[in-house]
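Visitor: I would like to go through some of the labels used for this model and hear the reasoning behind each.
Guide: Then ask about them one at a time.

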Amino acid sequence: MNYTELAPAYVRGIAPYQPGKPISEVARELGLAEKDIIKLASNENPLGCGEKAKAAMRKAIEEAHLYPDGSAYELKAALAKKWQVPIEAIVIGNGSNDLLDYVAMAYLAPGVSAVYGQHCFAVYPITTQARGATGIKVPAKAYGNDLDAMLAAIRADTRVLFLANPNNPTGTFTPYPEIHAFLKKVPENVIVVLDEAYNEFLPHALRIDTTAWLKEFPNLVLTRTFCKIYGLAGLRCGYMLANPQVCDMVNRVRAPFNVNSIALAAAVAALGDDEFVTRTFENNRLGMQQLVDGVTALGLQHIPSFGNFVTVDVGNGPAVFNALLKRGVIVRPIVGYELPKHVRVTVGLPHENARFLAALREALAEVAQASMKD
Ligand SMILES: *Cc1c(COP(=O)(O)O)cnc(C)c1O
């Protein structure tokens, strides 16, 4: 029996998600000590997570033998209060990734399509293909989402449109007035998933409260996460805000206990920890400037970023990635996102950013020398 062939063709056709390399793996492969390796590859919070979240986790351990609250009532109540939305308009996910999958499970199937941008988050094509639906990839404009082209790409069979703002891995941001005008033009039978994983990193001057749009656009799904600015990536927790009818459909396909009790407790505490969020925001603002200044000084172009990472044109992404790896610095090659010349680097602590920049200078020299020998 061939168990590959037993799977539907659309599952066999999925290009697996390639995560950032874990520190332990790099240590094993290159014979380096874990403490000498820095990871700036997965947009994790370099400050760790907040003390309030940690205290909540410790407390929650005592009840780890009990199933979690499958309705996630406490977290939903806190979010309902924060965003002034009804409880029925919220679903909690095992990371916001989970929610992207559930929207796809609820609305995609063979014979229908989903629209997304060229350099989009890898999960959109994966989850679309996993349902046997057709993915429609729309060419980027200046590395960002081309909203007019995305609108034009919508077909009669389109059910979902995925749009990350800011976008990962490019860091590009479409100003909110443009998104609003776009939402007005999208047919009401197309669910727009506005993925706001990096929302909390936006400069204050650019921010608006997109949750206010939920009343105006019943086809809008907002996704947010506790894995980025809140620093809870390892726990996996995110949320979506949407029309209660959409939430109802998502809840029908959701695993009954999809979010664990420790993550739920930590997320409630993290939501109330403004000091930690502000500290992370400031570290990111300063670190972004440090990285941008540093790569510019090395003569490199970068894509201006509104997230907690920056994508830099290093000429040969995989080669520079490998040369950095040898120096104990893990970044993200993004060939799979159709950006073979770039690497994506997450904003770290000041000394980590400095170490990346020093290693990058050496890596560029090494790669240039190797290509001269060819
Ligand atoms: C990181 C990220 C997510 C969410 O990840 P979770 O850890 O599953 O919450 C979603 N969308 C984008 C664009 C991301 O970069």
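Visitor: At what angle do α12 and α13 pack, and how far apart are their axes?
Guide: In this predicted model, the angle is about 125 degrees and the axes are 9 Å apart.

Visitor: Why is α12 called oblique to α13?
Guide: Angles from 65 to 115 degrees count as roughly perpendicular and those over 145 as roughly antiparallel. The value of about 125 degrees falls in neither range, so α12 is oblique to α13. The crossing of the two helices is right-handed.

Visitor: Which residues of α12 and α13 meet?
Guide: From α12 they are A319, V320, A323, L324 and K326, and from α13 they are F356, A359, L360, A363, L364, E366 and V367. Sorted by class, the contact of α12 with α13 holds ten nonpolar residues, two charged and no polar.

Visitor: What makes α11 and α13 roughly parallel?
Guide: The axes of α11 (residues 274-297) and α13 (residues 350-373) cross at roughly 15 degrees and come within 10 Å. The cut-off for roughly parallel is under 35 degrees, and therefore α11 and α13 get that label. Their crossing is right-handed.

Visitor: Which residues make that contact?
Guide: N283, G287, Q290, L291, G294 and V295 belong to α11, while P350, N353, A354, F356, L357 and L360 belong to α13. By class, the contact of α11 with α13 has seven nonpolar, five polar and no charged residues.

Visitor: Why does P318 count as partly exposed?
Guide: Partly exposed runs between the limits of 20% and 50% relative accessible area. P318 has 30% relative accessibility, so P318 counts as partly exposed. This residue lies in α12 (residues 317-326), and P318 touches V335 and P340, leaving aside residues up to four places away in sequence.

Visitor: What makes T211 buried?
Guide: Buried means under 20%; T211 is at 5% relative accessibility, so T211 counts as buried. T211 sits in the loop between β6 (191-195) and β7 (220-225). With residues up to four places away in sequence not counted, T211 touches W83, L222, R224 and L241.

Visitor: How do you know that the length of α5 agrees with its number of residues?
Guide: At 1.5 Å a residue, the twelve residues of α5 (residues 96-107) should span 16 Å, and the end C-alpha atoms are 17 Å apart, which agrees.

Visitor: Which residues of α5 are buried?
Guide: They are S96, D98, L99, L100, Y102, V103 and A104.

Notes: Residues numbered from 1 in each chain as written. Predicted model: local features only at pLDDT ≥ 70, side-chain atom pairs only at ≥ 80, totals over all residues. Heavy atoms only, no water. Helix = DSSP H or I, 4+ residues; strand = E, 2+ residues; numbered from the N terminus. Expected span 1.5 Å × (residues − 1). Buried < 20%, exposed > 50% of the residue type's maximum accessible area, 1.4 Å probe, protein only. Axes fitted to C-alpha atoms, helices over the stretch in contact; angles between N-to-C directions. Left-handed = near helix turned anticlockwise from the far one by under 90°. Contact = heavy atoms within 4.5 Å. Nonpolar A, V, L, I, M, F, W, Y, C, P; charged D, E, K, R; others polar.
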